[in-house]
Structures are given as structure tokens and as C-alpha cells.
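Student: Could you give me a close look at the inside of this protein and how its parts pack around there? I'd like one connected story rather than a list.

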Amino acid sequence: MPGLSSDNVFSHLEENLKKHKVFDRVDIFETASSNRKFLDDFLIPYLKKNPIGFLMIDADGQIDRDLNELRPYLLPGCFVMIDDYMMQSSKCTQGFANKSIPSQKAVHNLVNSGQAVSLGVYLWNTWFGQIV
């Protein structure tokens with residue numbers, strides 16, 4: 001079982017994807033979702049040809065912005081994982097204490113509007129759902 005934190009999340013993710021022989025089936029984009037130049041110049045054109053089957057967001061609390069931007073490129077049945085859906089006060093650090101509140105609101109809006117079903121909240125307070 002992995003630890004609760006990592007100094008290099010992306011290298012651990014890459015290692016695990018390779019270990020389970022799915023690395024060649026995954027595209028990982030490490031950037032800030034507020035990076036308009038990256039979105040406009042690369043990601044959106046890329047997603048028009050390669051829609052998303054599994055979306056993982058470890059965001060800054062503005063999940064609604066990210067979901068609104070990426071929603072047109074999510075395949076029907078796409079699985080969605082949102083980290084920090086629920087943050088325990090003992091784990092909250094300055095600047096992140098209220099990050100879970102807007103994340104929960106965005107998820108509830110997605111589910112209540114019938115766009116997704118909730119599959120639950122699991123390890124490390126991460127929400128899992130599926131686009132319908």
C-alpha cells in the first residue's frame with residue numbers, strides 16, 4: 001500500500017502504471033489547469049482527437065472550472081477521480097483548508113444534474129464517479 005504522501009507523485013504514478021503494464025495506454029499532463037496557453041495550444045486540440053476515458057483531478061479547489069473546461073471531451077462512461085474531496089482538519093494546511101468545499105459543490109452539481117453517478121469516497125478522501 002502506498003504511503004499517504006510522496007515527494008514525487010508523478011514518478012510514483014509512472015512506476016505503478018509500468019508495473020501494471022498500462023503505461024502505454026495512459027497520457028499524463030502535468031500542468032496547472034489555469035494555464036490557458038497549454039489548454040488552448042495543446043490540450044484542447046489533443047482532446048478533440050483523443051477523448052478522456054478516465055480523468056483524475058488533483059486541483060486547487062476550482063473543480064467546477066476544470067470540469068466545465070473538460071466536460072465536452074469526457075467519453076460517456078468516463079470514470080472521474082477527484083482528490084481532496086473531503087479534507088480532514090488535521091491534514092489541512094494553510095491555503096488548502098477550504099479546498100474540499102468547492103470540490104464537493106462541483107461534484108454534487110454534476111451528480112444532481114444527472115451528468116454523473118457517484119461511486120463513493122475512498123482512500124485519502126478521494127471521490128470516484130462515472131459520467132453518464
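Tutor: Let's settle one word before anything else: two residues are in contact when they have heavy atoms within 4.5 Å of each other. Keep in mind too that this is a predicted model. With that word in hand, take the contacts between residues with a separation of 6 or more: 51% of them join residues 24 or more positions apart.

Now for the layout. The protein has 4 helices and 4 strands, and along the sequence they come in the pattern α-α-β-α-β-α-β-β. Of its 132 residues, 27% are buried. On the outside, the protein exposes about 8900 Å², and carbon and sulfur atoms supply 55% of that.

On to the part you asked about. The largest nonpolar core has 22 residues. Ile52, Leu55, Leu67, Cys78, Ile82 and Ile131 are the ones with the most contacts inside this core. Who supplies it? Helices α2 (36-49), α3 (63-70) and α4 (100-112) each give at least two residues, and so do strands β1 (52-57), β2 (74-82) and β4 (126-131).

Zoom in on Ile131, one of those residues with the most contacts inside the core. Leave aside its neighbours within four places in sequence, and Ile131 is in contact with Leu74, Leu75, Pro76, Gly77, Cys78 and Val80, among others. The rest of its contacts are Arg71, Leu110, Gln115 and Ala116. Cys78 also belongs to the group with the most contacts inside the core.

Some of these names come back if you look at the second largest pocket, which has a volume of about 210 Å³. Its lining includes Leu67, Arg71, Leu110 and Gln115. Leu67 is also one of the core residues with the most contacts, while Ile131 is in contact with Arg71, Leu110 and Gln115. The rest of the lining is Gly61, Asp64, Asn68, Pro102, Lys105, Ala106, Asn109 and Ser113. Helices α3 and α4 each supply at least two lining residues, and the largest share, 5 residues, comes from α4. The lining is a mix: 4 nonpolar, 5 polar and 3 charged residues.

Next, follow the chain through the loop between β2 and α4, where you'll find Asp83 and Asp84. Are they buried or exposed? Asp83 counts as buried because its relative accessible area is 16%, under the 20% cut-off. Asp84 is buried as well, at 15% relative accessibility. Beyond its neighbours within four places in sequence, Asp83 is in contact with Met56, Ile57, Asp58, Trp124, Asn125 and Thr126. With the same neighbours left out, Asp84 is in contact with Asp58, Lys99, Ser100, Ser103 and Asn125. So Asp58 and Asn125 turn up for Asp83 and for Asp84 too, both of them buried. Asp84 also gives you a link back to the pocket: its C-alpha atom is 8.4 Å from that of Gly61, 23 residues apart along the chain, and Gly61 is part of the pocket lining.

Now hop over to helix α2, where Ile44 sits. Ile44 is buried, with a relative accessible area of 10%. Past its neighbours within four places in sequence, Ile44 is in contact with Leu39, Glu69 and Tyr73. Its C-alpha atom is 9.9 Å from that of Pro72, even though the two are 28 residues apart along the chain.

For contrast, finish at Lys21, in the loop between α1 (9-19) and α2. Lys21 counts as exposed because its relative accessibility is 70%, over the 50% cut-off. Its backbone deserves a glance: the phi of Lys21 is near 60°, a positive value in a residue other than glycine.

Definitions and conventions. Residues are numbered from 1 along each chain as its sequence is written. This is a predicted model: local features need pLDDT of at least 70, side-chain atom pairs count only at pLDDT 80 or more; totals for chains, interfaces and linings use all residues. Side-chain values use heavy atoms; hydrogens and water are left out. A nonpolar core is a set of buried Ala, Val, Leu, Ile, Met, Phe, Trp, Tyr and Cys residues joined through side-chain atoms within 4.5 Å. Buried means under 20% relative accessible area, exposed over 50%, partly exposed in between (1.4 Å probe, protein chains only). On a 1 Å grid over the protein atoms alone, a cavity is a set of points where a 1.4 Å probe fits but cannot get out, and a pocket is an open set with protein on both sides within 12 Å along at least five of seven lines; lining residues have an atom within 4 Å of a point. Grid points are joined across faces, edges and corners, and a volume is the space filled by probe spheres set on the points. Ala, Val, Leu, Ile, Met, Phe, Trp, Tyr, Cys and Pro count as nonpolar, Asp, Glu, Lys and Arg as charged, and the others, Gly among them, as polar. Accessible areas come from the Shrake-Rupley method with a 1.4 Å probe; for residues, only the protein chains shown count as cover.
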